[in-house]
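Biologist: Please take a close look at one single part of this model, and then set it within the rest of the chain. I should like a connected account that I can follow with the structure open beside me.

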Amino acid sequence: MEFTVQQIADLLQGKVEGDNSVKVSTLAKIEEAQSGALAFLSNPKYEPYLYSTNASVVIVSDTLELKKSINTALIRVADPYSSFSTLLHYYQTALLASKTGVEEPCFMGQGSEIGENHYRGAFSYIGSNCKIGKNVRIFPQAYIGDNVQIGDNTTIFAGVKLYANTVVGSNCTIHSGAVLGSDGFGWAPQADGTYKAVPQIGNVVLEDDISIGANTAIDCATMGSTIIRKGTKIDNLVQIAHNVEVGSDTVIASQSGISGSTKIGNNCVIAGQVGIVGHITIANKTTIGAQSGVSKSVKEEGLIIQGSPAFDYKQNLRAMTVFRKLPELQRDLEMLKEKV
């Protein structure tokens, strides 16, 4: 794909400085870019590269003042990072749109429907009575069980597994290896010390504009639904247990785990390797620091918590300062005991 500088500027609502007819066909880092590439400058520490880059065009802030002459065209925008993200999304969407048609062999069961302009990769499987929207991309070796619903413009990457009765909204992305709808961890202890499986008969529901990372697992509900609300973004290697509800526009980083029946609010930030126990509630706009263990409900909105057990971030920092000094404090205490 090839675009002129002016076409890109129009897309980003930016202003061109230099030759607006120059054509670019690829995206690159400013320090590595060659002729024909577009780069961006957001972090000030990379500004020196602006004066030596071989990129044909660079997206920069509309407030940037040049300190030297440059050999590249500029597109000035209010937020270079956000604009470059928009461009990457447009570029990726264009690449996905080039995938159309049906590769063989693949399978679609009786009573299933799929909308126009779709793509079905080789060895993909669609069960019976599925309802799949238009512009959906299903990559090779994806498995879609019976009675699954998928909205418009959703992409299912290679190797994804959607168990029966899963519901996926529009404009969603599910990356390779993700599993939605597997059994929740339900085991009833028996008198003889063994465990009996509790059937998990619910499903998983993803609303619109959701991203699910590679090798993430979202368990079906015991009854009812495990629900991920609109706009939420989930990283790779995340475990979400049965009957969990995650609010809208929440982000969850890699290796985090949420135990059964917990309810996460809207606009929360859950950093990497966070563990959250079951049957609690996390208030809207809560931020949980990396490697934290959350053992009780967070009722006040907007808190930042850290630690295991997790509590107020600033108090946790003060506690850690004291903790690091414990050997010194112990030594002082022993010396005082000897004097007494």
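**A loop residue and its surroundings**

Modeller: Leaving aside residues up to four places away in sequence, serine 248 touches Arg229, Lys230, Thr232, Asn266 and Asn267. The model is a predicted one, and every value below is computed from it. Serine 248 sits in the loop between E30 and E31. That loop joins strand E30 (245-246) to strand E31 (251-252), and aspartate 249 lies in it as well. Aspartate 249 deserves attention for its backbone: its phi is near 55 degrees, which is a positive value in a residue other than glycine. For a sense of distance, one may take alanine 142, which is 106 residues from serine 248 along the chain; the C-alpha atoms of the two are separated by 26 Å.

The strand that leads into this loop belongs to an extended arrangement. E30 is one of nine strands that form an open sheet with parallel pairing, in the order E10-E13-E16-E19-E24-E27-E30-E33-E36. The edges are held by strand E10 (113-114) and strand E36 (281-282); each has a single partner strand, so one side of each is left without a neighbour in the sheet. Going along the order from E30, one meets E27 on one side and E33 on the other. E27 in turn pairs with E24: strand E24 (residues 203-206) and strand E27 (residues 225-228) run in the parallel sense and share four bridges. Within that pair, valine 205 faces isoleucine 227 of E27 across the bridge. A general point helps when inspecting such ladders: side chains in a regular strand alternate between the two faces of the sheet.

How is the protein divided into domains? The domain assignment gives domain 1 (3-98), domain 2 (102-305) and domain 3 (314-339). Serine 248 falls within the bounds of domain 2. The C-alpha centres of domain 1 and domain 3 lie 53 Å apart.

Two cis peptide bonds may be examined next. The bond from glutamate 104 to proline 105 is cis, with omega near 0 degrees, and proline 105 lies in the loop between strand E8 (101-102) and strand E9 (107-108). The other bond, between serine 308 and proline 309, is also cis, and its omega is about 5 degrees. Proline 309 is placed in the loop between strand E39 (304-306) and strand E40 (311-312).

Beyond that loop, two helices pack against each other. Helix H4 (residues 313-324) and helix H5 (residues 326-339) make an angle of about 50 degrees, and their axes are 5 Å apart. This angle makes H4 oblique to H5. The contact brings Val322, Phe323 and Arg324 of H4 against Leu326, Pro327 and Leu329 of H5. Sorted by class, these residues are five nonpolar, no polar and one charged.

Domain 1 shows another pattern. Its strands include those of an open sheet of five, ordered E2-E7-E6-E5-E4, in which the pairing is mixed. Strand E2 (15-17) and strand E4 (26-27) form the edges, each pairing on one side only. E4 and strand E5 (residues 37-40) are parallel and joined over two bridges, with leucine 27 opposite leucine 38 in E5. E5 and E6 are likewise paired in the parallel sense, over three bridges; here alanine 39 has valine 58 of E6 as its bridge partner.

A salt bridge also involves strands of this sheet: arginine 76 and glutamate 17 have their closest N and O atoms 2.5 Å apart. Arginine 76 belongs to strand E7 and glutamate 17 to strand E2, so the pair ties together parts that are 59 residues apart in sequence. The model has eight salt bridges in total.

Helix H1 lies across E2, E5, strand E6 (57-61) and strand E7 (73-77), and runs at about 5 degrees to E7. Helix H1 (residues 5-12) also packs with helix H3 (residues 80-97) at an angle of about 110 degrees, their axes being 10 Å apart. Angles of 65 to 115 degrees count as roughly perpendicular, and H1 and H3 are therefore roughly perpendicular to each other. At this contact Ile8, Leu11 and Leu12 of H1 meet Ser83, Thr86, Leu87 and Tyr90 of H3. The residues concerned comprise five nonpolar, two polar and no charged.

Definitions and conventions: Residues are numbered from 1 along each chain as its sequence is written. This is a predicted model: local features need pLDDT of at least 70, side-chain atom pairs count only at pLDDT 80 or more; totals for chains, interfaces and linings use all residues. Side-chain values use heavy atoms; hydrogens and water are left out. Axes are lines fitted to C-alpha atoms, for helices over the stretch in contact, and angles run from 0 to 180 degrees between N-to-C directions. Angles under 35 degrees count as roughly parallel, over 145 as roughly antiparallel, 65 to 115 as roughly perpendicular and the rest as oblique. Contact means heavy atoms within 4.5 Å. Ala, Val, Leu, Ile, Met, Phe, Trp, Tyr, Cys and Pro count as nonpolar, Asp, Glu, Lys and Arg as charged, and the others, Gly among them, as polar. Two strands pair if DSSP finds at least two bridges between them. Domain bounds come from an automatic or database domain assignment. A salt bridge is a side-chain nitrogen of Lys or Arg within 4 Å of a carboxyl oxygen of Asp or Glu.
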